[in-house]
Every structure is written in structure tokens, then in C-alpha cells.
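Me: I would like a close look at one side chain and its surroundings. Please keep it brisk, and then work outwards.

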Amino acid sequence: MPITFTLDLEDHRVGTPAPVRCARPTHDVLRWLDQHGARGTFFVVATLAHEAPELIRAVADAGHEVALHALHHVPIAETGEARFLPELREGKAILEDLTGRPVVGYRAPIFSLTAQTPWAPAALTEAGFTYSSSVLPANNPLHGLAGAPRTPFRWADGPVELPCPVFGRGSATVPFLGGVYLRYLPMPIVEFVARRAGRTPAGWAYTHPYDFDTEEPFEVLPHAGYVTSRIVHHRRRGTLKRVDRVIAAGGGFGPPLAELAASLPVDRLPTYSIEPGAPAAPR
Ligand SMILES: [Zn+2]
């Protein structure tokens, strides 16, 4: 199996008066995908539909999958159980109205489907999602679900899950195929991992518009310190080339995740559920 390209279409400077910057880098990505004749999955924060509706339509019109990256870009636990389902429905409806296509995929902001949110998978099914791409199956400084399988599985009370590809063991497990990991790690290591990911039933790379935005002036991001903001800001030149090499190492472009999820033998996938309140066990 090759590697699917995914992009989390969000504005990382929410909370500042700065104008939305995601359009230009996203158009660069759309041109690059078009050059390859490839289709990917774009997980869109639904409120972005108010600020950049034409950008989201351009993604859909180019034949890419538009999926939901929450109504607002906040972790699931922060949204809370009471608001999670209504916000899923609202976000899905916004994107479906805008694109005229069904939205069946969901990715939690910051892979925040964790042991803290055992009620989330059932809500995803109730809202009509057929797959989720919301779990980082490792211990992680931000969010992680270390006990979850590292290959596609089915939530006992929810949809198919395509977990974030990770590599390593214990506390040295990292999601190599995206974000700052993809931008900072030595390329031979990333390519080595990509070759392994390309052999799994669901390898995918994940990116954000800012990973490609070389013209953004530096500023300390809201909710992040100086060092984190510097890390997010550096090493963006050449990201597209890195993604190119990752996809090539994996064996080419995989299909959009909705098609990939639909092609999996659901009855033969392992099932998994979160024990409420249980700490995630290291793997
Ligand atoms: Zn995000």
C-alpha cells in the first residue's frame, strides 16, 4: 500500500487579529498534487468555511476528499461530552453544504481522541462518520493513546480508525510522517520509516498549511511559548520536497482516506475500546 497525503486545513493563529494565511500554501499543495495527478484528504476546521469558503470549494472541486477537523480547533476533551456530538453534526453540515458532497471522515485536533474521551467513537458513528483518523497510538507529550493498535482497527462502538503512523518503542515512539517531525528529522530516517509505513494497510502523511508557508513573519503563537513557536516557524523551505520523497519511499500516492477505509475488510479488523478512566498502557 502506498502513502496517502493528508493536510489539516486550519489557521494556527486563531485568537490573533492576523488575517488567515492558509490559502496560499494550500494552493501550492493543490498545484503539486495536480502535477502528480494525485488526490488526498483535507481535514478542514469547519469554522474556516466562514473565512475561506472559496479555498475549501477549490479543494473539493479538484477532486480531493474534504473531511472534518472539528468545528473549532480544540482538543476533544476540552469540547466536552455534551458539546461533542452537536459540534460534529454542525461541522459536518457546514462542509457538506459548502461542497455539496458527503463528509464521512473525522480527524480530532492534535490527535486528541484519548483515554479521556471514551465517549467520542460512539458519537462519531451517531453523527454519520464512517472513519476516524484521530488516534496517536503512543505516549506523547500532547495527546496519545498508547494501548491502541498501530494498524487500522474498528472501535467497538464506533467507526473504523486509521491511527497515525508511528515508529519506535515506548517513550521514543514518534509520528514521523508529519508536522515538525517530517520537517526536522534527517531525511534518510524519514524515508526508512516511510518505506515501512508504505507496507501497512493504511500509511499516511500529515501536514498543515503552515508547514509550507515560507513567507509568514515570525511571532509567538497564542497558547505556545517562544521555543515552540520557533520550532513551528523554522525549516519550512523544502517541506514539499520532503513530502515528495516520503511518498516516493512509501511506493507512491495512496487514495483519499475515505476510499482507503472503505476498502478495508471491516469484519476482520481488530476491535478496540477505551476503558473509561483507565490510563493508556505503554506499548
Ligand atoms: Zn490540527
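Leaving aside its neighbours within four places in sequence, which residues is F84 in contact with?

Reply: First, the ground rules. This is a predicted model, in which local features need pLDDT of at least 70, side-chain atom pairs count only at pLDDT 80 or more, and totals for chains, interfaces and linings use all residues. Residues are numbered from 1 along each chain as its sequence is written, and side-chain values use heavy atoms, leaving out hydrogens and water.

Now F84. Beyond its neighbours within four places in sequence, F84 is in contact with I76, T79, Y106, W119, A120, A123 and L124. Contact here means heavy atoms within 4.5 Å.

F84 belongs to the largest nonpolar core, which has 61 residues. Such a core is a set of buried Ala, Val, Leu, Ile, Met, Phe, Trp, Tyr and Cys residues, joined through side-chain atoms within 4.5 Å. Buried means under 20% relative accessible area, exposed over 50%, and partly exposed in between (1.4 Å probe, protein chains only). F5, F42, F84, L88 and Y106 touch the most other members. Helix α5 (residues 81–99) gives the most to this core, six residues. Helices (H or I, at least four residues) and strands (E, at least two) are DSSP runs, numbered from the N terminus. Another core lies apart from this one. That second core has 17 residues, among them F43, Y131, A261 and L269.

Helix α5 also carries charge. The side chains of R83 and E87 meet in a salt bridge, 3.0 Å from N to O. A salt bridge is a side-chain nitrogen of Lys or Arg within 4 Å of a carboxyl oxygen of Asp or Glu. Because R83 and E87 are four residues apart in helix α5, about one helical turn separates them. R83 is partly exposed at 45% relative accessible area, whereas E87 is buried at 11%.

That pair sits in a wider set: the structure holds twelve salt bridges. R24 and D213 form one of them, at 3.3 Å from N to O. R24 lies in helix α1 and D213 in the loop between β8 and α9, so the pair ties together parts 189 residues apart in sequence. D213 is buried, with 2% relative accessible area. R24 is partly exposed, at 33%. Both belong to a network of salt bridges that links R21, R24, D28, R31, D213 and E215. E259 and R39 meet in another salt bridge, at 3.0 Å from N to O. Helix α11 (residues 257–263) holds E259, and the loop between α1 and β2 (41–44) holds R39, so parts 220 residues apart in sequence are tied together.

Next, the zinc ion. Its protein donors are E10 (OE), H69 (NE2) and H73 (NE2), at 2.0 to 2.2 Å. Donors are N, O and S atoms within 2.8 Å of the metal (3.2 Å for Na, K and Ca); water is not among the atoms, so sites may look incomplete. The sequence spacing is E-x58-H-x3-H. E10 sits in the loop between β1 (3–9) and α1 (23–36), and H69 in the loop between β3 (65–68) and α4 (76–79), 59 residues apart. Both E10 and H69 are buried.

One backbone detail belongs to that second loop. A70 lies between β3 and α4 too. Its phi is near 75°, a positive value in a residue other than glycine. Most residues other than glycine have a negative phi. A70 counts as buried because its relative accessibility is 9%.
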